[in-house]
Amino acid sequence: MKKLGLLMLIVMLTFIFGCSDRQEPQNGKKTPETPRHTEKPGADGQTSKGADVVDMHGMVKNLGRLDAFVNEKEGTQRLIRYTIEGDPIYHELTRKNGRVELRLDTTMDEYGSGTVMTFDCGRMNREETETQIRYVLTGCAGEREEVELLTVHFDVSRQDRFDIVLKYGPGLKNEINTAEQKLVKSLEGDSMAAVSDFAIPEKDLQKIYRALVLAGYLTEKKLSAACSGPAGDAYDLTVYINSGKRNFRWNSCDGSPDGKQMTAVAKEIIGIVHSGSVYRSLPKTAAEQGTGK
(Lines give C-alpha, C1' and ligand atoms only; values in the text may rest on other atoms or scores of the structure.)
Protein backbone atom coordinates (compact mmCIF):
# COMPACT_ATOMS: atom_id res chain seq x y z
CA MET A 1 0.00 0.00 0.00
CA LYS A 2 2.87 2.39 0.82
CA LYS A 3 4.41 1.76 -2.63
CA LEU A 4 1.04 2.34 -4.28
CA GLY A 5 0.54 5.59 -2.37
CA LEU A 6 4.02 6.79 -3.28
CA LEU A 7 3.42 5.99 -6.94
CA MET A 8 0.13 7.95 -6.91
CA LEU A 9 1.90 10.93 -5.29
CA ILE A 10 4.58 10.97 -8.00
CA VAL A 11 1.94 10.86 -10.74
CA MET A 12 0.03 13.76 -9.12
CA LEU A 13 3.19 15.89 -8.78
CA THR A 14 4.14 15.20 -12.38
CA PHE A 15 0.70 16.32 -13.53
CA ILE A 16 0.79 19.49 -11.42
CA PHE A 17 4.27 20.59 -12.52
CA GLY A 18 3.59 19.54 -16.10
CA CYS A 19 0.58 21.87 -16.23
CA SER A 20 2.51 24.76 -14.66
CA ASP A 21 5.16 24.51 -17.39
CA ARG A 22 2.50 25.35 -19.98
CA GLN A 23 1.59 28.76 -18.60
CA GLU A 24 1.71 31.70 -21.00
CA PRO A 25 5.24 33.18 -20.87
CA GLN A 26 5.52 36.71 -19.53
CA ASN A 27 7.48 39.58 -21.03
CA GLY A 28 10.68 38.26 -22.58
CA LYS A 29 10.48 34.96 -20.70
CA LYS A 30 10.78 31.59 -22.36
CA THR A 31 8.66 28.48 -22.19
CA PRO A 32 9.78 25.11 -23.63
CA GLU A 33 6.40 24.36 -25.19
CA THR A 34 3.79 26.28 -27.18
CA PRO A 35 1.33 27.60 -24.56
CA ARG A 36 -1.50 27.82 -27.06
CA HIS A 37 -2.13 26.57 -30.56
CA THR A 38 -0.28 28.41 -33.34
CA GLU A 39 -2.57 28.30 -36.36
CA LYS A 40 -0.98 27.18 -39.60
CA PRO A 41 -2.01 29.04 -42.78
CA GLY A 42 -4.19 27.22 -45.28
CA ALA A 43 -3.33 26.43 -48.89
CA ASP A 44 -4.43 29.96 -49.88
CA GLY A 45 -2.16 31.53 -47.24
CA GLN A 46 -5.15 32.59 -45.13
CA THR A 47 -5.86 32.00 -41.46
CA SER A 48 -8.96 32.69 -39.39
CA LYS A 49 -7.53 36.17 -38.76
CA GLY A 50 -6.72 36.96 -42.39
CA ALA A 51 -3.61 36.77 -44.53
CA ASP A 52 -0.14 36.47 -43.03
CA VAL A 53 2.79 38.68 -43.91
CA VAL A 54 5.38 36.16 -45.13
CA ASP A 55 9.13 36.81 -45.32
CA MET A 56 10.90 34.22 -47.47
CA HIS A 57 14.58 35.16 -47.32
CA GLY A 58 14.05 38.85 -48.04
CA MET A 59 11.11 38.52 -50.41
CA VAL A 60 7.99 39.59 -48.50
CA LYS A 61 4.39 38.82 -49.42
CA ASN A 62 1.52 41.00 -48.15
CA LEU A 63 3.89 43.65 -46.78
CA GLY A 64 1.11 46.22 -47.09
CA ARG A 65 -0.73 44.50 -44.25
CA LEU A 66 2.22 45.22 -41.94
CA ASP A 67 2.26 48.85 -43.10
CA ALA A 68 -1.44 49.12 -42.28
CA PHE A 69 -0.95 47.53 -38.86
CA VAL A 70 1.61 50.20 -37.91
CA ASN A 71 -1.16 52.81 -37.85
CA GLU A 72 -3.96 50.68 -36.37
CA LYS A 73 -5.17 51.30 -32.82
CA GLU A 74 -6.46 47.76 -32.26
CA GLY A 75 -6.23 44.46 -34.08
CA THR A 76 -3.91 41.57 -34.82
CA GLN A 77 -1.43 40.70 -37.55
CA ARG A 78 0.90 37.76 -37.97
CA LEU A 79 4.33 37.80 -39.58
CA ILE A 80 5.97 34.51 -40.59
CA ARG A 81 9.70 34.56 -41.26
CA TYR A 82 11.31 31.48 -42.77
CA THR A 83 14.83 30.36 -41.92
CA ILE A 84 17.39 29.25 -44.51
CA GLU A 85 16.35 25.67 -43.77
CA GLY A 86 12.69 26.53 -44.47
CA ASP A 87 11.43 26.49 -40.87
CA PRO A 88 8.75 29.07 -39.92
CA ILE A 89 9.17 31.50 -37.03
CA TYR A 90 5.83 33.01 -36.02
CA HIS A 91 5.50 36.64 -34.90
CA GLU A 92 1.96 37.26 -33.62
CA LEU A 93 1.25 40.96 -33.09
CA THR A 94 -1.67 42.28 -31.03
CA ARG A 95 -2.39 45.97 -30.62
CA LYS A 96 -4.61 46.93 -27.68
CA ASN A 97 -4.94 49.77 -25.19
CA GLY A 98 -2.22 51.78 -26.87
CA ARG A 99 0.42 49.04 -26.66
CA VAL A 100 1.70 46.22 -28.88
CA GLU A 101 2.22 42.64 -27.72
CA LEU A 102 4.50 40.32 -29.66
CA ARG A 103 4.22 36.57 -29.22
CA LEU A 104 7.37 35.05 -30.76
CA ASP A 105 7.06 31.31 -31.44
CA THR A 106 10.25 29.49 -32.50
CA THR A 107 9.06 25.98 -31.69
CA MET A 108 9.04 24.99 -35.39
CA ASP A 109 12.64 26.13 -35.93
CA GLU A 110 14.75 22.97 -35.84
CA TYR A 111 17.98 24.86 -35.13
CA GLY A 112 16.50 27.62 -32.96
CA SER A 113 15.77 27.88 -29.26
CA GLY A 114 12.42 26.11 -29.61
CA THR A 115 10.70 28.51 -27.23
CA VAL A 116 7.80 30.95 -27.06
CA MET A 117 8.39 34.48 -25.79
CA THR A 118 6.10 37.46 -25.30
CA PHE A 119 7.08 41.13 -25.38
CA ASP A 120 4.94 44.04 -24.19
CA CYS A 121 5.97 47.16 -26.12
CA GLY A 122 4.89 50.76 -26.34
CA ARG A 123 5.18 51.43 -30.08
CA MET A 124 5.67 49.88 -33.48
CA ASN A 125 7.73 51.98 -35.87
CA ARG A 126 8.33 51.87 -39.62
CA GLU A 127 11.69 53.42 -40.53
CA GLU A 128 12.55 53.88 -44.22
CA THR A 129 15.76 54.98 -45.93
CA GLU A 130 16.66 54.95 -49.62
CA THR A 131 17.78 51.31 -49.40
CA GLN A 132 15.71 49.61 -46.68
CA ILE A 133 12.57 49.58 -44.56
CA ARG A 134 12.81 48.52 -40.93
CA TYR A 135 9.92 47.50 -38.67
CA VAL A 136 10.77 47.63 -34.98
CA LEU A 137 9.00 47.55 -31.61
CA THR A 138 10.23 50.12 -29.10
CA GLY A 139 9.57 50.95 -25.46
CA CYS A 140 9.42 47.27 -24.53
CA ALA A 141 9.31 46.22 -20.88
CA GLY A 142 12.00 43.88 -19.61
CA GLU A 143 15.61 43.41 -20.69
CA ARG A 144 15.06 44.20 -24.39
CA GLU A 145 13.77 47.73 -24.88
CA GLU A 146 13.72 47.27 -28.67
CA VAL A 147 12.71 44.25 -30.76
CA GLU A 148 13.32 44.19 -34.51
CA LEU A 149 10.54 42.49 -36.45
CA LEU A 150 11.69 42.76 -40.05
CA THR A 151 14.11 44.64 -42.32
CA VAL A 152 13.47 44.71 -46.06
CA HIS A 153 16.59 45.53 -48.09
CA PHE A 154 16.48 46.97 -51.62
CA ASP A 155 19.94 48.39 -52.31
CA VAL A 156 20.41 47.96 -56.07
CA SER A 157 24.12 48.82 -55.82
CA ARG A 158 24.71 45.56 -53.91
CA GLN A 159 23.49 43.47 -56.85
CA ASP A 160 25.95 42.07 -59.39
CA ARG A 161 23.37 42.58 -62.10
CA PHE A 162 19.98 44.23 -62.33
CA ASP A 163 18.28 44.69 -65.71
CA ILE A 164 14.69 44.93 -66.84
CA VAL A 165 12.89 44.39 -70.13
CA LEU A 166 9.35 45.79 -70.04
CA LYS A 167 7.13 45.50 -73.11
CA TYR A 168 3.72 47.16 -72.94
CA GLY A 169 0.81 48.61 -74.85
CA PRO A 170 -1.07 47.25 -77.89
CA GLY A 171 0.90 44.38 -79.39
CA LEU A 172 3.57 44.93 -76.71
CA LYS A 173 5.31 47.28 -79.17
CA ASN A 174 6.63 49.71 -76.56
CA GLU A 175 9.82 48.51 -74.89
CA ILE A 176 12.05 49.60 -72.02
CA ASN A 177 15.16 47.42 -72.23
CA THR A 178 18.21 48.06 -70.03
CA ALA A 179 19.70 44.67 -70.90
CA GLU A 180 20.20 45.74 -74.53
CA GLN A 181 20.22 49.50 -73.80
CA LYS A 182 17.17 49.95 -75.98
CA LEU A 183 14.10 52.18 -75.76
CA VAL A 184 11.28 51.71 -78.28
CA LYS A 185 8.21 53.90 -78.62
CA SER A 186 5.25 52.92 -80.76
CA LEU A 187 3.83 55.72 -82.91
CA GLU A 188 0.89 55.61 -85.35
CA GLY A 189 0.41 52.47 -87.43
CA ASP A 190 3.66 50.52 -87.70
CA SER A 191 5.86 53.57 -87.11
CA MET A 192 8.38 53.27 -84.31
CA ALA A 193 10.92 55.53 -82.64
CA ALA A 194 13.93 53.93 -80.99
CA VAL A 195 17.04 54.79 -78.95
CA SER A 196 19.95 52.35 -79.14
CA ASP A 197 22.13 53.62 -76.28
CA PHE A 198 19.45 53.95 -73.63
CA ALA A 199 20.27 53.79 -69.92
CA ILE A 200 18.25 54.50 -66.78
CA PRO A 201 20.02 56.69 -64.19
CA GLU A 202 21.18 54.92 -61.03
CA LYS A 203 18.78 56.84 -58.78
CA ASP A 204 15.85 55.73 -60.95
CA LEU A 205 17.09 52.13 -61.06
CA GLN A 206 17.05 52.27 -57.27
CA LYS A 207 13.38 53.33 -57.31
CA ILE A 208 12.49 50.53 -59.75
CA TYR A 209 14.33 47.90 -57.72
CA ARG A 210 12.58 49.12 -54.56
CA ALA A 211 9.18 48.78 -56.25
CA LEU A 212 9.96 45.23 -57.38
CA VAL A 213 11.26 44.11 -53.98
CA LEU A 214 8.26 45.57 -52.14
CA ALA A 215 6.02 43.79 -54.64
CA GLY A 216 7.78 40.51 -53.75
CA TYR A 217 8.77 39.85 -57.35
CA LEU A 218 10.67 36.67 -56.45
CA THR A 219 7.64 35.14 -54.76
CA GLU A 220 5.06 33.08 -56.64
CA LYS A 221 2.70 35.30 -58.64
CA LYS A 222 -0.69 34.26 -60.00
CA LEU A 223 -1.21 36.49 -63.03
CA SER A 224 -3.57 36.42 -66.00
CA ALA A 225 -3.25 37.83 -69.52
CA ALA A 226 -6.89 37.03 -70.34
CA CYS A 227 -9.72 39.53 -69.91
CA SER A 228 -13.38 38.64 -69.43
CA GLY A 229 -14.37 42.25 -70.13
CA PRO A 230 -12.80 45.03 -72.21
CA ALA A 231 -9.12 44.46 -72.90
CA GLY A 232 -6.72 46.49 -70.81
CA ASP A 233 -3.03 47.26 -71.24
CA ALA A 234 -0.81 44.22 -71.85
CA TYR A 235 2.49 43.85 -70.01
CA ASP A 236 5.49 41.55 -70.39
CA LEU A 237 8.21 42.09 -67.81
CA THR A 238 11.52 40.24 -67.53
CA VAL A 239 13.80 40.92 -64.57
CA TYR A 240 17.46 39.88 -64.62
CA ILE A 241 18.86 39.76 -61.10
CA ASN A 242 22.45 38.57 -60.60
CA SER A 243 22.50 35.12 -62.31
CA GLY A 244 18.73 34.65 -62.22
CA LYS A 245 15.77 35.71 -64.35
CA ARG A 246 12.03 36.11 -63.77
CA ASN A 247 9.37 36.70 -66.41
CA PHE A 248 5.82 37.99 -65.87
CA ARG A 249 3.09 38.36 -68.48
CA TRP A 250 -0.31 39.80 -67.58
CA ASN A 251 -2.98 42.34 -68.46
CA SER A 252 -4.10 45.36 -66.47
CA CYS A 253 -7.61 43.86 -66.41
CA ASP A 254 -6.22 41.23 -64.00
CA GLY A 255 -7.96 42.37 -60.82
CA SER A 256 -6.26 39.87 -58.52
CA PRO A 257 -3.98 41.22 -55.73
CA ASP A 258 -0.92 40.05 -57.68
CA GLY A 259 -2.26 41.56 -60.89
CA LYS A 260 -2.93 44.95 -59.29
CA GLN A 261 0.45 44.91 -57.60
CA MET A 262 2.40 44.14 -60.77
CA THR A 263 0.39 46.68 -62.79
CA ALA A 264 1.35 49.33 -60.22
CA VAL A 265 5.02 48.33 -60.60
CA ALA A 266 4.81 48.51 -64.41
CA LYS A 267 3.16 51.93 -64.29
CA GLU A 268 5.86 53.18 -61.92
CA ILE A 269 8.60 52.00 -64.31
CA ILE A 270 6.82 53.58 -67.29
CA GLY A 271 6.27 56.81 -65.38
CA ILE A 272 9.96 57.06 -64.45
CA VAL A 273 11.11 56.49 -68.04
CA HIS A 274 8.48 58.74 -69.64
CA SER A 275 9.48 61.63 -67.38
CA GLY A 276 13.12 61.35 -68.47
CA SER A 277 14.76 63.59 -71.06
CA VAL A 278 15.50 60.70 -73.46
CA TYR A 279 11.86 59.65 -73.82
CA ARG A 280 10.64 63.26 -74.01
CA SER A 281 13.01 63.84 -76.95
CA LEU A 282 11.22 61.18 -79.03
CA PRO A 283 8.46 62.11 -81.51
CA LYS A 284 5.03 62.53 -79.95
CA THR A 285 2.03 60.41 -80.80
CA ALA A 286 -1.18 62.06 -81.96
CA ALA A 287 -2.68 61.42 -78.53
CA GLU A 288 0.28 63.10 -76.82
CA GLN A 289 0.09 66.07 -79.17
CA GLY A 290 -3.57 66.44 -78.33
CA THR A 291 -2.93 66.46 -74.59
CA GLY A 292 0.21 68.59 -74.78
CA LYS A 293 2.37 65.89 -73.14
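**Asp-155 and the adjoining three-stranded sheet**

In the predicted model, Asp-155 occupies the loop that links strand E12 (147-153) to strand E13 (162-168). Asp-155 is buried, yet the residue has no salt bridge. The nearest side chain of opposite charge belongs to Arg-158 and is 4.9 Å away; a salt bridge is counted within 4 Å, so this pair does not qualify. The side chain of Asp-155 instead makes a polar contact with the side chain of Ser-157, at 2.6 Å. When residues up to four places away in sequence are not counted, Asp-155 touches Thr-131, Gln-206 and Tyr-209.

Strand E12, which precedes this loop, belongs to an open sheet of three strands in the order E10-E11-E12, with antiparallel pairing. Strand E10 (123-128) and E12 form the edges, each pairing on one side only. From one strand to the next, the twist averages 10°. In general, the strands of a sheet pair through backbone hydrogen bonds, in either a parallel or an antiparallel manner. Between strand E11 (residues 132-138) and E12, the antiparallel pairing extends over six bridges. Within this part of the sheet, Arg-134 stands opposite Thr-151 in E12.

Two helices lie across the three strands. Helix H2 (residues 63-70) lies across E10, E11 and E12 and runs at about 125° to E10. Helix H3 (residues 202-214) likewise lies across E10, E11 and E12, running at about 125° to E12. Gln-206 and Tyr-209, two of the residues that Asp-155 touches, fall within the range of helix H3.

Conventions: Residues are numbered from 1 along each chain as its sequence is written. This is a predicted model: local features need pLDDT of at least 70, side-chain atom pairs count only at pLDDT 80 or more; totals for chains, interfaces and linings use all residues. Side-chain values use heavy atoms; hydrogens and water are left out. Helices (H or I, at least four residues) and strands (E, at least two) are DSSP runs, numbered from the N terminus. Buried means under 20% relative accessible area, exposed over 50%, partly exposed in between (1.4 Å probe, protein chains only). Lys and Arg count as positive and Asp and Glu as negative; His and the chain ends are not counted. A polar contact is a pair of N or O atoms within 3.5 Å; within protein, one must be able to donate a hydrogen and the other to accept it, and residues adjacent in sequence count only if both atoms are side-chain atoms. Contact means heavy atoms within 4.5 Å. Two strands pair if DSSP finds at least two bridges between them. Axes are lines fitted to C-alpha atoms, for helices over the stretch in contact, and angles run from 0 to 180 degrees between N-to-C directions.
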